[in-house]
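Reader: I have a structure to read and many terms to learn. Could you take me through the terms one by one?

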Amino acid sequence: MSIIIAPSLLAADINHLGDQVKQAVEAGADWIHVDVMDGRFVPNISFGPLVVKAVREVTSLTIDVHLMIVEPEKHLRAFANAGTNHLTVHYETCPHIHRTLQNIREMGMSPGIVINPGTPVDMLSELTHDFDSVLIMTVNPGFGGQDFIETMVDKIRRTKALLDRTGSQASIQVDGGISSETIKACYEAGATNFIAGSSIFRHEDGIAAGIKALRDAIHS
Ligand code: DX5
Ligand code: ZN
């Protein structure tokens, strides 16, 4: 499975969002990650469909939207219309997760599921053919710049084993505290899709250096 680096706009300079996206694209980003927070499921409030639409206007890359909101099913159409390609919903927010994943696909988007650090991998076992990716949160969602939770490496390994055992082709994403120090352990455990905010947009030598450092660390 090919490696995907997805810069998270939460750490970008919002005064120059379009330019930041263009720089990330030119630096070889594979996807652009947009965090949507509602101040209810998570304590913070961030972006919505308007921002996705603005990103769509400056790039044709895959836009990966991470919904950290209650009742996400009410907003799927708005994110589809805004230009989302890959839409991820939290297991914890969806009592009818099977239907929600199907609806995402019916709307022409690729469905992803995400679980919090405290949610067991086993919760995914009935669904492994209904999503294209599973996102293992490596921090508690809500804020950028948090420390990577080391125990999630074994969770990634167990997720990989579950996908293999059930014959699922889904990829494994990780999000939170992904840096040149943490990325390799995630890769070796089975993750191929890496979301990173601070280590890309706050890299002291710039966005391109941030992306390169992550790629180099995977193969170090
Ligand atoms: C956290 C978000 C992340 C966040 C990661 O809830 O889902 O996408 O931007 O930020 P870093 O890479 O700084 O931990
Ligand atoms: Zn995210």
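Author: Start with the salt bridge: a side-chain nitrogen of Lys or Arg within 4 Å of a carboxyl oxygen of Asp or Glu. This is a predicted model, in which local features need pLDDT of at least 70, side-chain atom pairs count only at pLDDT 80 or more, and totals for chains, interfaces and linings use all residues. Residues are numbered from 1 along each chain as its sequence is written, chains are lettered from A and ligands numbered from 1 in the order in which they are written, and side-chain values use heavy atoms, with hydrogens and water left out.

Reader: What makes D30 and R215 a salt bridge?

Author: Their closest N and O atoms are 3.1 Å apart. The limit is 4 Å, so the pair qualifies. D30 sits in the loop between α1 (17–26) and β2, while R215 is in helix α8 (residues 207–218), 185 residues apart. Helices here are DSSP runs of H or I with at least four residues, strands are runs of E with at least two, and both are numbered from the N terminus.

Reader: Why is D30 called partly exposed?

Author: Buried means under 20% relative accessible area, exposed means over 50%, and partly exposed lies in between (1.4 Å probe, protein chains only). D30 has 25%, so it counts as partly exposed. R215, at 26%, is partly exposed too.

Reader: How do you know that E188 and K184 form a salt bridge?

Author: The closest N and O atoms of E188 and K184 are 3.9 Å apart. That is within 4 Å, so the term applies. Both residues lie in helix α6 (residues 183–189), four residues apart, about one turn of the helix. E188 has a relative accessible area of 60%, so it is exposed. K184 has 26%, so it is partly exposed. Elsewhere, D154, R157 and R158 are joined into one network by salt bridges that share partners.

Reader: Which protein atoms are donors of the zinc ion (ligand 2)?

Author: They are H33 (NE2), D35 (OD), H66 (ND1) and D175 (OD), lying 2.0 to 2.3 Å from the ion. Donors are N, O and S atoms within 2.8 Å of the metal (3.2 Å for Na, K and Ca); water is not among the atoms, so sites may look incomplete. The distances fit the 2.8 Å limit, so these atoms count.

Reader: Why is the arrangement around the zinc ion (ligand 2) called octahedral?

Author: Six donor atoms surround the zinc ion, with angles of 71 to 168°. Six count as octahedral if opposite donors are over 155 degrees apart and all others between 65 and 115. The arrangement is therefore octahedral.

Reader: Are H33 and H66 buried or exposed?

Author: H33 has a relative accessible area of 1%, so it is buried. H66 has 0%, so it is buried as well.

Reader: What makes β7 and β8 a pair?

Author: Two strands pair if DSSP finds at least two bridges between them. Three bridges join β7 (residues 171–175) to β8 (residues 193–196), so they pair. The bridge partner of D175 in β8 is I195. The wider sheet is open, with eight strands in the order β1-β8-β7-β6-β5-β4-β3-β2 and parallel pairing.

Reader: Why are β1 and β2 called edge strands?

Author: β1 (4–7) and β2 (31–37) each pair on one side only, so they are the edge strands.

How values were computed
Four donors count as tetrahedral if all angles lie between 85 and 135 degrees; four count as square planar and six as octahedral if opposite donors are over 155 degrees apart and all others between 65 and 115; anything else is irregular.
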